[in-house]
Structures are given as C-alpha cells and as structure tokens.
Amino acid sequence: MNILRNPRWALPESAVTSEAVFWNRRAILAAGGGLMAAGALAGLPGAASAAAPGEPLASPPATNPAHADAGRAVTPEPVASAYNNFYEFGSHKEIARAAQALRTDGWTVTLDGLVEAPLTIGADELIGQMPLEERIYRHRCVEAWSMVVPWTGFPLARLVELAKPLSSAKYLRFETFLDPEVARGQRQHWYPWPYVEGLTMAEATNELAFMVAGAYGKVLHKQFGAPIRLHLPWKYGFKSIKSVVRVSFVAERPISFWEELQSAEYGFWANVNPAVPHPRWSQAEERVLGTDERVPTVRFNGYGPEVAGLYAGMEAELGDRLWR
Ligand code: MTE
C-alpha cells in the first residue's frame, strides 16, 4: 500500500499537541482570545505551529482499520492536489493556485432549519470537538476519473447529532460559501451559486458519510475544499461538496447545483453504477489519476456492502435516476 507519510508523523505522540488541543487552539485564536490562549498553551510542544491549510497536522489521528485499505494505491498528493474540480475558482482542473485566495480564518458553519435550535459554530471549534480519524477512500468523479485519498475527518452522523434535527427533517441541504470577490468563478452568473448538495437523513447517518478537515496528514488544502467538506465514496464526486458554510435540515428534497443546471445529466441520487451511462459518455470504466490505467467501475464504487441497503426496493421506482 503506497501511503504517503509526512515526516512529522514520525514524532512520538508525547512530543506533539493532541489533535483536539490543536484544533481548539485555532478556535480560541480565531475567536479573539489569542493572547491568553497562546500564553496558556505556550508550554505545549507544537502549539506554536502554524495551522494553515496544507500544513502538516501536528499529530494525525489513527487510521480507522475498517478504512485503511482502499484496495488501490493512494494517489500521490502532488497529483490529487493539482487536479481538482472547484468551479468557484474556474471550470478547469488547474484551480489550485487560484484557490489559495480562499480565506478560511474565522470560518463558521451554520446548522439550521428543522433543528431544536439553530447553531453557528467556528469550523475549528466544530472539528476540535469531533472524534477525528483517518479514512482512505476511493473517489469516483462523474467525469470517469478516480483517485484514492487519505482524508482526516469525522462521521457526518456526529454532526447530525450535534444539530439535533426534529423528526420532520427528512433531508440535509449543504451549501458552499458565496464570495465572488475571492472566488472568481462565482462571477459566472449562469451558474446557480452557491454550490448546493443534498442527502437523505438515512444517507447522512450511514457510517461511510464523512466530514473532511484534512488530507494526506495535513490541514485540508484549500483546493480540496478547506476548511471542511463532505466525502461520500459511493456517489459520484460532485455530491462531495467543498468548503461548507451551512447545513440545513429540511422536509423537501433539496435541488443541487448540478441538478439545477442540467437535471437530465446530474440528479439527486448520483450513486456510482457502471451499467448506467451518463447521457454523453460511458461510466463502465474509469481513468486512475496518476497512472496510465483504466479500470472497470464498480457499482456503488465498491461500497455496496455498506450502502446498498439504503436503496432497497427503490430501483423499481427511480430507475436510472438512482444512478445519476
Ligand atoms: N464542491 C464545490 N463547492 N464546488 C465544486 O466545483 N466539485 C465537485 C466536488 N465538490 C465541486 C465541489 C466535483 S465535480 C468533484 S469530482 C469533487 O468535488 C472533486 O474533489 P477534489 O478536487 O478534491 O478531487
């Protein structure tokens, strides 16, 4: 298994700040309590380390053994971090440099809609209070390329628990930031900004649904969707929304960015299925990023044992819609 290791990972646990302390320190600094917090933590080795996106985590959390082997080599970081879809910064793959304009300090995430009480929380505080782990996931883009990335994050189910949704909540509606000053792609007015995605409650609380705050043992790179994004390994990549600012619990199925733009090609469900072609190309195979390989695509991107039950009996009603 080709897992990239950052040299700082080799540091003994005792020599570095724990991940919760690391994220919470960022939260306190972001909240303006900088002087006191920095003073209080000054004695902790690693506390003074910068915490910018793309920089190494002082103490990367352990890899979840159930998600330690994606069955394929991890895509080298320089490859995955230089070939991105982030339309806010351009409708091509070389957006990494433009995405550095994204400002993540003071980032907040709002949990609202059909919940006991709406909550706006700093991204660092949110991440700092969650049980962090690493998961190595396959990612299959609807454009028929794929990669394997070690993500650091926490189960989306934990965020749902924090939000305390009412029983009337049937779906989650995720929203990305809106700032055309910074994200020049958002000046392209024919796109329905901000980027929106949605899930059912059952999908959101499935064990695989993962909120991501890091990649390759580093604080999440801006081009990957800093400071916090979603990853849903059984669905086409466009469902894995980046740079989330709001998660709303709603009764009606949300209309996503791509569905609004082109509903015949991109729907709500978008589960990976090699047997259902995109209207303009086959989904039978995928190009493996960083290699010359093309490999057969697998139903649910190979995660059927974990998620097929979510869709039991729905195929008859939804037909191809389940797979687009
Ligand atoms: N989220 C936002 N906000 N904007 C986007 O353009 N692109 C999606 C998804 N999330 C996108 C997004 C698509 S099409 C894919 S394939 C993945 O992000 C790409 O993730 P990556 O750049 O980390 O590979």
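Where is His278 found? The views below start with the ligand and return to His278 at the end.

This is a predicted model, in which local features need pLDDT of at least 70 and side-chain atom pairs count only at pLDDT 80 or more, while totals for chains, interfaces and linings use all residues. Residues are numbered from 1 along each chain as its sequence is written, and side-chain values use heavy atoms, with hydrogens and water left out.

**View 1. The ligand and the residues around it.** Here we look at the ligand, which sits in the largest pocket. A pocket is an open set of points on a 1 Å grid over the protein atoms alone, where a 1.4 Å probe fits and protein lies on both sides within 12 Å along at least five of seven lines. A molecule sits in a pocket if more than half of its atoms lie within 2 Å of the pocket's grid points. Around the ligand there are 18 residues, and those that come nearest are Tyr87, Glu88, Arg229, Ser240 and Lys242. A residue is counted as near if one of its heavy atoms lies within 4 Å of the molecule. Sorted by class, this shell holds 9 nonpolar, 6 polar and 3 charged residues. In this scheme Ala, Val, Leu, Ile, Met, Phe, Trp, Tyr, Cys and Pro are nonpolar, Asp, Glu, Lys and Arg are charged, and the others, Gly among them, are polar.

**View 2. Polar contacts of the ligand.** Let us pick out three protein partners, using the rule that a polar contact is a pair of N or O atoms within 3.5 Å. An oxygen atom of the ligand lies 3.0 Å from a polar side-chain atom of Asn84. The side chain of Thr176 places an N or O atom 3.0 Å from a nitrogen atom of the ligand. Ser240 takes part through its backbone, with a polar atom 2.9 Å from a nitrogen atom of the ligand. Taken alone, the ligand exposes 530 Å², and the protein buries 99% of that. Accessible areas like this one come from the Shrake-Rupley method with a 1.4 Å probe.

**View 3. Two cis peptide bonds.** Most peptide bonds are trans, but this view shows two exceptions. Trp193 and Pro194 are joined by a cis bond with omega near -5 degrees. Pro194 belongs to the loop between strand E5 (171-176) and strand E6 (196-200); strands are DSSP runs (E) of at least two residues and helices are runs (H or I) of at least four, numbered from the N terminus. The bond from Ala226 to Pro227 is also cis, and its omega is about -5 degrees. Pro227 lies in the loop between strand E8 (218-219) and strand E9 (229-231).

**View 4. Positive phi at Ala144 and Lys164.** Most residues other than glycine have a negative phi. Ala144 is not a glycine, yet it has a positive phi of about 75 degrees. You will find Ala144 in the loop between strand E3 (133-140) and strand E4 (145-155). Ala144 is buried, with a relative accessible area of 10%; buried means under 20%, exposed over 50%, and partly exposed in between, with a 1.4 Å probe and protein chains only. Lys164, in the loop between helix H6 (156-163) and E5, has a positive phi of about 50 degrees. Lys164 is partly exposed, at 45% relative accessible area.

**View 5. Residues paired across the sequence.** Thr297, in the loop between strand E12 (294-296) and helix H9 (304-307), is buried at 6% relative accessible area. Its C-alpha atom is 6.0 Å from that of Glu286, 11 residues apart along the chain. Ala202 is part of helix H7 (residues 201-204) and counts as partly exposed at 44%. Ala202 and Tyr311 are 109 residues apart in sequence and 9.9 Å apart in space, C-alpha to C-alpha.

**View 6. Back to His278.** His278 is found in the loop between helix H8 (257-261) and strand E11 (285-288). His278 is buried, with a relative accessible area of 5%. Its C-alpha atom lies 7.3 Å from that of Arg324, a residue 46 positions away in sequence.

Note on methods
Polar contact = N/O pair within 3.5 Å; in protein donor to acceptor, adjacent residues only side chain to side chain. 1 Å grid on protein atoms, 1.4 Å probe; cavity = no way out; pocket = protein on both sides within 12 Å on 5 of 7 lines; lining within 4 Å.
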